[in-house]
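Here's a quick briefing for anyone opening this one up for the first time. Have a look at the fold, then read on.

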Amino acid sequence: MPSKKALIRRPSPRLAEGLVTHLERETVDVGLALKQWEAYVEALRAHGWETVEVDAADDCPDSVFVEDSVVMYRNVALITRPGAESRREETAGVEEAVARMGCSVNWIWEPGTLDGGDVLKVGDTVYVGRGGRTNAAGVQQVREAFEPLGARVVAVPVSKVLHLKSAVTALPDGTVIGHIPKVDRPSLFPRFLSVPEEAGAHVVLLGGPKLLMAASAPRTRELFESLGYEPVVVDIGEFEKLEGCVTCLSVRLRELYA
């Protein structure tokens, strides 16, 4: 059976110092953020996911956004080289965690940069956002790592948001969803559904019809319900102040076989 494991990482006490690029900085309540993170983790567990906690990186303010440190394809873990130099120390603990889980480990090398939040997998198609944090060399190294395994890598321009998955994610049937004002080229996706709120563009597939999504997108929740999905809603408001969303707080490992 496919695996249902999720890497997570506890928020740093310096979370409020995290980077912001496309938003005005707001005050982050670190205590409230920890409670929201715990509720997020509990939502994963309640829907059958085994969580694996990466060692904390208290000196790295953005380290809770663990998705940016590694990209998974089948059992291959591609350790990233974040576009923000201040985030590069985050990858060591994640590399140790995936190695312990038996993954085959590869790396992005200089001059490539890649943030995991720029990678969206839909079946065997791997969309990679090329923009502020991921460069052309990073995209090419994703091709070199994953195309021999059967992936098709497609570069997607990203200019209006931090990461590709800040703009789009995908439903269980492969339909890509996004809030049109934040998507550079919707026509790149064979099936695209516009959602009414920016935060509604972010879902984690929990299994079956269940979608983990943010509480800040109530109209999109209604849209998903009308389509037969079952939204599981979490409040991640403190992380949204730092351009975070439900996808970047975990890394889902779906294809590790015992």
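Which residues form one aromatic cluster? They are Tyr 127, Phe 189 and Phe 192. Keep in mind that this is a predicted model, where local features need pLDDT of at least 70, side-chain atom pairs count only at pLDDT 80 or more, and totals for chains, interfaces and linings use all residues. Residues are numbered from 1 along each chain as its sequence is written, and side-chain values use heavy atoms, with hydrogens and water left out.

**Aromatic contacts**
- The structure has five aromatic pairs (rings of Phe, Tyr and Trp, the last by its six-membered ring, with centres within 6.5 Å).
- One of them joins Tyr 127 and Phe 189, with 4.9 Å centre to centre and 70° between the planes, which makes it edge-to-face (planes over 60 degrees apart; under 30 is stacked and the rest tilted).
- Tyr 127 sits in strand β7 and Phe 189 in the loop between β10 (176-178) and β11 (192-194), so this pair ties together parts 62 residues apart in sequence.
- Tyr 127 is buried, at 3% relative accessible area, and Phe 189 is buried too, at 5%. Buried means under 20% (exposed is over 50%, partly exposed in between; 1.4 Å probe, protein chains only).

**Strands and a helix**
- Strands β7 (residues 125-130) and β8 (residues 152-157) pair in the parallel sense over six bridges; pairing takes at least two DSSP bridges.
- Across that pairing, Thr 125 stands opposite Arg 152 in β8.
- Add helix α3 (residues 136-146) between them and you get a right-handed β-α-β unit: with the strands pointing away from the viewer, the path from the first strand over the helix to the second runs clockwise.
- Helices (H or I, at least four residues) and strands (E, at least two) are DSSP runs, numbered from the N terminus.

**The largest pocket**
- About 700 Å³ of space lies in the largest pocket, the volume being what probe spheres set on the grid points fill, with points joined across faces, edges and corners.
- A pocket is an open set of points on a 1 Å grid over the protein atoms alone, where a 1.4 Å probe fits, with protein on both sides within 12 Å along at least five of seven lines; lining residues have an atom within 4 Å of a point.
- Its lining has 29 residues, with Lys 121, Val 122, Leu 205, Arg 252 and Arg 254 nearest the centre.
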